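Trainee: I'm new to this one and keep stumbling over the vocabulary. Could you walk me through how the labels are earned?

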Amino acid sequence: MRLADLSFDTYQDRLAERGVILQTGPFSISVKSRIPSVIESIWALYRDYPCLDNQDFADFHIDIRKPKGIRRWFHPQVYFYFDDHAPFQPLPLNDAYPLFEWGMNWCVANFAHRYLMIHAAVCERNGKAVIMPAPPGSGKSTLCAALALRGWRLLSDELTLIDLQNQLAVPVPRPVSLKNESIDVIKGFEPSAYVNRSFEDTNKGTVAHMRVSTESVDRAMETAKPAWVILPKYKAGSSLQLEKNSPGHSFMWLAENSFNYSVLGKGGFTGVAELVDHTESYTFTYSDLDEAVEIFEQLATSS
Amino acid sequence: MELGNNTHTSQEPVPHRWQQLNGVDFLQRRWEGELVVYNTGSGDTHLLETLSAEIFIHLQEQPAGLPQIVEHIADTFLYEVDEELKTHISDMLVQLQKLRLIESETCATC
């Protein structure tokens, strides 16, 4: 059953009381909230996701709720609860939905150590995955959103999970987090894209989330073979450049962008090394999204 | 103090024999000359470029003094042995030591 198969009233009641269990890739997340922006945003962005029965197991139990007391009314705030503990300081109530998304990233990054986890977007075309590790501001999510809007399957815009048993990329498709100028860039790039309402003045500036394709959600249990590691660099006014990186430098970028390379110890080293063995690595500088997507298309069809 | 067999005067630098850091397991992978080394003890990972990678691998095979290392590098990369190369390799040995990949001991016969 998909979330959208519930009536809105049933969904809202479940979210407020017992929680709604959503499945994304290998993870099931039970979420509870009575906050209107969270209710509306999950409904809009997760409508295609499998919605499990309340009796089913959930990997993570999340509650997005307001504090009790005067802060409920005076400069209202919101807490992210994970298994009834609040790992973060509260944020302004305006940030409730972004906090839900950031908190989900935190859950996976802190507890999914059976995977090599890399802070990277990952998309797939023709069975081959492109991994894009990059720091904030590099245009990673924007490029990932553009690829997803041009037929690439989104595995994640934020967390690349590599199964250490078989070196395959494991999807965790969730709404693409767009920030500041990239929100209008993506709306202009593809006017039919569904981009949820913007949340202004968050820790990361203005944030909005793009709904992923139904196909990406439906194929969320289908792994993909990594073929490329591409470091995107958005540089206004620049011409396209695709420069090959040495395997050693690719290794260091992957290790530095991994959430759990150190935690995994020898397994982390071996996992990254095998990933490097089976991928080509490039640094990709771009300023125009259409041109950028074209280069990725050429890459996907030429190999 | 008996100094008769020592071939080095007090003004000259004391020679060293260099070797891989003792008591530490390393994992490593080499691609196109570059070497990535993981120190299983500290958890540190280092990327060594071609020349430093060759020095490190050579010292894993056998401890060596600076002259032997210089000779090996010159043979491997077809360099001419001169003061510039010796200084360069000497600096690299210090860097590898700072990274806790190699160590040295004084060696009267090196």
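Mentor: Sure, and keep in mind that this is a predicted model. Start with helix H1 of chain B, residues 50-61, which lies across S2, S3 and S4 of chain B and runs at about 135° to S2(B).

Trainee: What makes residues 50-61 of chain B a helix?

Mentor: A helix needs a DSSP run of at least four residues. H1 of chain B spans 50-61, so that run qualifies as a helix.

Trainee: How do you know that S2(B) and S3 of chain B pair?

Mentor: Pairing takes at least two bridges found by DSSP. S2(B) and S3, residues 34-39, have six bridges in the antiparallel sense, so they count as paired. Along S3(B), Val36 of chain B sits opposite B:Arg29.

Trainee: Why are S2 and S4 of chain B called edge strands?

Mentor: The open sheet in chain B has three strands in the order S2-S3-S4, with antiparallel pairing. S2 (26-31) and S4 (45-48) each pair on one side only. From one strand to the next, the twist averages 15°.

Trainee: And in chain A, what makes S1 and S3 a pair?

Mentor: The cut-off is at least two bridges. S1 (residues 20-24) and S3(A) have two bridges, antiparallel, so they pass. A:Ile21 has A:Leu52 in S3(A) as its bridge partner.

Trainee: Where does that pair fit in the sheet of chain A, with its order of strands?

Mentor: The order is S3-S1-S2-S4-S5-S6, an open sheet of six strands with mixed pairing. Its edge strands are S3 (51-52) and S6 (91-92).

Notes:
Residues are numbered from 1 along each chain as its sequence is written. Chains are lettered from A and ligands numbered from 1 in the order in which they are written. This is a predicted model: local features need pLDDT of at least 70, side-chain atom pairs count only at pLDDT 80 or more; totals for chains, interfaces and linings use all residues. Side-chain values use heavy atoms; hydrogens and water are left out. Axes are lines fitted to C-alpha atoms, for helices over the stretch in contact, and angles run from 0 to 180 degrees between N-to-C directions. Contact means heavy atoms within 4.5 Å.
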